[in-house]
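Here are my notes for you on this one. Keep the viewer open while you read.

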Amino acid sequence: MVDGIDIIAAARIACLFVDARIAVLASGAGTNLQALLDDPQVGPCIVLVVGDTPGVSALERARARGVKPVVLEPAHYASPEAFDRALTTLLEEEAIEYVMLAGFMRILGAHTVHAFRDRILNIHPSLLPAFPGGHAVRDALNWGAKITGATVHLVDEEVDHGPTVLQEPVLILPEDDERTLHLRIQEVEHRLFPRAARLLVEGRLKVEGRLVHVLGGDEETIGAGPKE
Ligand code: GRF
């Protein structure tokens, strides 16, 4: 409550203009979750944060913002498929329309991907298709690449593979180590991910095969894709 204004209530009212229910899945620090929560348009629509590990900062960030945190631990399920179905059920019970993978260090199962086709975004710390997988920053450094970056893409059944929504390059400096480079990439991620989420929720992404058209264009972003 600030100056008699309940910020969370005000944010929920703001969300009515977009009328979307978003879940964010996160496994760790949750700085990308925070960037989504802080976005004036996307943040108020986030109604659920799902973590796969108890006690991670992402869950705390959800609580601090009055967003429901739920922990789904894969070890509590008989198989990856059972975990996948439990996740889909949870998302459907919460009437979720869009899913954001914000550092969710787990491959999303086919059941969930199918249920939310073209409504799931992932943020990845490289310019895909270069350096997919869980060590993208280290892999770019080890490769001797001069440029890497951040990618937001729609999620399909393959790892770090779905159609690209937004990308932005980051120069690799001679003095970079994994930490310094990842920090600079994350600065880009924190701008790029909310912007892509906004475009998705506003219904401005049109998918044609691997190509994602940004309807009306997106002047703010490098690589916004063909305009319509
Ligand atoms: C991000 O760099 C993202 O690209 C990768 O995992 C990291 C998560 O960071 N998938 P955070 O938890 O959002 O701080």
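Which backbone atom of Ile123 lies 3.3 Å from the ligand, and from what kind of ligand atom?

1. A backbone N or O atom of Ile123 is the one, and its partner is a nitrogen atom of the ligand. That is a polar contact (a pair of N or O atoms within 3.5 Å).

2. Before going on: this is a predicted model, where local features need pLDDT of at least 70, side-chain atom pairs count only at pLDDT 80 or more, and totals for chains, interfaces and linings use all residues. Residues are numbered from 1 along each chain as its sequence is written, and side-chain values use heavy atoms, with hydrogens and water left out.

3. Now look at the ligand's oxygen atoms. One is 2.5 Å from an N or O atom in the side chain of Thr31. For Asn32 the backbone takes part, with an N or O atom 2.9 Å from an oxygen atom of the ligand.

4. The residues surrounding the ligand (a heavy atom within 4 Å of it) include Gly103, His124, Pro125, His182 and Glu189.

5. Check out His124, which sits in strand β5 (a DSSP E run of at least two residues, numbered from the N terminus). Its relative accessibility is 3%, so His124 counts as buried (under 20% relative accessible area, 1.4 Å probe, protein chains only). Leaving aside residues up to four places away in sequence, His124 touches Phe131, Asp160 and Glu189, among others (contact means heavy atoms within 4.5 Å).

Methods:
Helices (H or I, at least four residues) and strands (E, at least two) are DSSP runs, numbered from the N terminus. Buried means under 20% relative accessible area, exposed over 50%, partly exposed in between (1.4 Å probe, protein chains only). A polar contact is a pair of N or O atoms within 3.5 Å; within protein, one must be able to donate a hydrogen and the other to accept it, and residues adjacent in sequence count only if both atoms are side-chain atoms.
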